[in-house]
Amino acid sequence: MIEIFWGCFVFGVLFTLVTVVFGDIIGSFMDGVFDFLSVDGLDFLEPVTIVGGLTIFGGSGILLTQYTSLHMTVIIILSICAAILMSILVYFLYVKPMKNAENSISHSIQDYVGKIGEVTVTIPQKGYGEVLIKIGASQINEIASSYDGEVINEGTKVVVIEVKDSTLYVSSFDS
């Protein structure tokens with residue numbers, strides 16, 4: 001049984017080293033290859049938790065075998081309990097917070113519809129001007145045209161009605 005413990009432990013350590021050293025390279029090369037293995041709703045079945053559990057199972061089995069006189073059945077049960085406990089801790093203290101932290105600061109121009117902005121370059125009746133729109137913590141200047149076909153002067157508050165061909169079509173906003 002000690003060989004199985006050592007096998008689990010060595011596999012876990014090697015998997016971790018390869019993941020840390022070559023993770024980005026392997027991840028980009030193998031992107032999408034194993035997507036069919038993913039199960040929606042079972043987030044706890046992440047490789048980090050599974051391999052972490054295997055490593056803890058092997059490591060605790062080695063330690064308990066070497067430093068205690070417990071029966072092998074008790075050692076296996078204790079190793080399984082340690083693996084499950086540590087996998088749960090890894091999931092809730094590392095995997096879940098990291099999944100929640102995966103936010104992007106990028107946005108689509110379609111996200112501007114309904115946003116309020118301010119004209120920075122006067123928008124003529126039939127032509128283009130510029131508006132300043134706040135998205136998140138940043139402010140972005142975009143090309144704009146009048147939705148109603150009216151002149152919209154600099155400093156006027158506007159609302160984005162539509163986005164077509166990378167142009168915001170805006171209308172005056174009366175607060």
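In which sense do strand 3 and strand 5 pair, and over how many bridges? In this predicted model, strand 3 (residues 138-146) and strand 5 run parallel and share three bridges. One contact of strand 5 is the bridge between Ser-146 and Val-170.

Strand 5 also pairs with strand 4 (residues 157-164). Here the sense is antiparallel, with six bridges joining the two. Val-170 takes part again, as the bridge partner of Val-160. Val-170 is therefore a bridge partner of both Ser-146 and Val-160.

The turn comes next. Strand 4 and strand 5 form a hairpin with two residues between the strands. Asp-165 takes a positive phi near 50° in this hairpin. Strand 5 itself spans residues 167-172 and is mostly covered. Five of its six residues are buried.

Now turn to the helical part. The UniProt annotation "transmembrane region", from an unreviewed entry, covers residues 47-65 and 72-94. Residues 47-65 are 100% helix and 0% strand, with end C-alpha atoms 27 Å apart. Residues 72-94 are likewise 100% helix and 0% strand. Their end C-alpha atoms lie 32 Å apart.

A pocket brings in some of these residues. The second largest pocket has a volume of about 210 Å³. Helix 1 (2-29) and helix 2 (47-67) each give two or more residues to its lining. Among the lining residues are Gly-12, Phe-15, Thr-16, Val-48, Val-51, Gly-52 and Val-90. What is the split of the lining between nonpolar, polar and charged residues? Six are nonpolar, five are polar and none is charged.

Key. Residues are numbered from 1 along each chain as its sequence is written. This is a predicted model: local features need pLDDT of at least 70, side-chain atom pairs count only at pLDDT 80 or more; totals for chains, interfaces and linings use all residues. Side-chain values use heavy atoms; hydrogens and water are left out. UniProt positions are given in the numbering used here, feature names are shortened, and annotations may be inferred rather than shown by experiment. Helices (H or I, at least four residues) and strands (E, at least two) are DSSP runs, numbered from the N terminus. On a 1 Å grid over the protein atoms alone, a cavity is a set of points where a 1.4 Å probe fits but cannot get out, and a pocket is an open set with protein on both sides within 12 Å along at least five of seven lines; lining residues have an atom within 4 Å of a point. Grid points are joined across faces, edges and corners, and a volume is the space filled by probe spheres set on the points. Ala, Val, Leu, Ile, Met, Phe, Trp, Tyr, Cys and Pro count as nonpolar, Asp, Glu, Lys and Arg as charged, and the others, Gly among them, as polar. Buried means under 20% relative accessible area, exposed over 50%, partly exposed in between (1.4 Å probe, protein chains only). Two strands pair if DSSP finds at least two bridges between them.
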